[in-house]
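User: Could you take a close look at the strands of chain B for me, how they pair and what packs on them? I would also like to hear how that chain meets its partner.

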Amino acid sequence: MWFLPLFGLIIGALIGSIITFEIPVTYAKYMSIAVLASLDSAFGGVKAVLEDTFDGTILLTGFFTNTLIAALLAFLGDKLGVDLYLAAVFAFGVRLFQNLAFIRHCLLSKTLKKYNHKPGDSK
Amino acid sequence: MNNKKNWQLPITIVFILLGILLSAQLQTQNRVLSDLSMQKTEDLIVMVKNLSEKRVELENELTSVEIKLNQLRTSNADEENIIKNLQTELKEFAIINGTEKVTGPGLKITIDKDSPVLYIDFVNIINELWAAGAEAICLNDVRINIYTSIYYSETESSMYITVNNKPLTFPIIIKAIGNPNTLEKGLTLPGGIMDNLALFGAYPVLEKSEKLVIPAVKETPVLTEAKPVIE
């Protein structure tokens, strides 16, 4: 059932392209940081699934709070004259790559295990 | 393994939301990129070039259109001129046709009752007046125009001259507008009409006048058959 999230992503993209959001250009920056945060959360969720430490509530609350707080912090940073925007980009970017690296590792090791333990070998 | 069952729904929800956010962000970013301040310098230069070219084109078009407008305006003025000319022409034609009352200097010829004159003498006098440059003539207040007929009519006892089939009564007064001297000379040429009439003992009185009034034609014919030929 791994394709369900992918399917969800495609459906979401379709919905997003059908419903045209008119986000003012001045808020595009905060929007981009929110997207980065949500990307991080989504991959974090995938990682948690692979780690078997998945919790749905944590994922959903993390998704929403991360997204909103990232945008809000970036906004606040702009108001205060501090580039919190960069901090968010850095933090989420690093975590995103870590998550991706973990996912890659995990999938790789799983497939390698499958490959090594031929069918017939009882586990 | 219970967790494994549960993970699909939240992750799917998250991914749907992620998809929405991503596409929204893509659209926004596209708009941001199409913003002028985000354009590359080279693109901007090309844009400026194109726009200035277009501007030059449009300016050319504007000037050509303005020229056209001026032409139309002047042609409109021409039209007004034409109308004015036509109106003056119309007035002239009204004078020529005798449909308008006219005044001006001219010659007045009075022929009294005792003069032995025939209708042909009036025709001659009038022809002579036209030839001498008369612009309008009337015979006893009957305006002479192209439809005027001068003839005579007889009863048992007498014969009288008719103008437009109406009898002329003495004294007959002919008024002609034109240069008085020329008109007089036209009539008093040696061997001319005055001499001719004098042979028969008729002596019309010529009188130059600075201001004569000649009435308009009383009835103008209504044209029903005659049509101009278009060539």
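Analyst: Happy to help; what follows goes through the two sheets of chain B, then the contact between the chains, then the salt bridges.

This is a predicted model, where local features need pLDDT of at least 70, side-chain atom pairs count only at pLDDT 80 or more, and totals for chains, interfaces and linings use all residues. Residues are numbered from 1 along each chain as its sequence is written, chains are lettered from A and ligands numbered from 1 in the order in which they are written, and side-chain values use heavy atoms, with hydrogens and water left out.

Let's begin with the five-stranded sheet. It is open, with the order β3-β2-β7-β1-β8 in chain B and antiparallel pairing. Helices and strands here are DSSP runs numbered from the N terminus, with at least four residues of H or I for a helix and at least two of E for a strand; two strands pair if DSSP finds at least two bridges between them. At the edges stand β3 (142–143) and β8 (205–214) of chain B, each with a single partner strand, so one side of each is left without a neighbour in the sheet.

Strand β1 of chain B, residues 102–111, is a good one to follow. Six bridges pair β1(B) with β7(B), residues 172–177, in the antiparallel sense, and eight bridges, also antiparallel, pair β1(B) with β8(B). B:G106 stands opposite B:I177 in β7(B) and opposite B:S209 in β8(B). Elsewhere along the pairing with β7(B), B:I111 stands opposite B:I172.

Now for the three-stranded sheet. This one is open too, ordered β4-β5-β6 in chain B with antiparallel pairing. Its edge strands are β4 (150–154) and β6 (166–167) of chain B, each pairing on one side only. Between β4(B) and β5(B) there are five antiparallel bridges, and a hairpin of four residues joins these two strands. Along this pairing, B:Y151 stands opposite B:T162, while B:E154 has B:M159 as its bridge partner.

On the other pairing, β5(B), residues 159–163, meets β6(B) over two bridges in the antiparallel sense. The partners are B:T162 with B:P167 and B:V163 with B:K166. Two residues lie between β5(B) and β6(B) in their hairpin, and B:N164 in the turn has a positive phi of about 55°.

What packs on these strands? Helix α4 of chain B, residues 119–131, lies across β4 and β5 of chain B and runs at about 170° to β4(B). α4(B) also packs on the five-stranded sheet, touching β1, β2 (136–139) and β7 of chain B, with its direction at about 165° to that of β2(B). For these values, contact means heavy atoms within 4.5 Å, axes are lines fitted to C-alpha atoms (for helices over the stretch in contact), and angles run from 0 to 180 degrees between N-to-C directions.

Next comes the meeting of the chains. The contact takes 25 residues from chain B and 36 residues from chain A. The two chains bury about 2900 Å² between them, 77% of it on carbon and sulfur atoms; buried area is the accessible area (1.4 Å probe) that two parts lose on being put together, summed over both. On the side of chain B that touches chain A, α1 (2–6) and α2 (8–34) of chain B each supply at least two residues. The largest share of that side, 21 residues, comes from α2(B).

Finally, the salt bridges, each a side-chain nitrogen of Lys or Arg within 4 Å of a carboxyl oxygen of Asp or Glu. Between chain B and chain A the count is zero, while a search of the whole structure finds five over all chains. One salt bridge joins A:R95 and A:D40, whose closest N and O atoms are 2.8 Å apart. A:R95 lies in helix α4 (residues 84–116) of chain A and A:D40 in helix α2 (residues 28–51) of chain A, so the pair ties together parts that are 55 residues apart in sequence.
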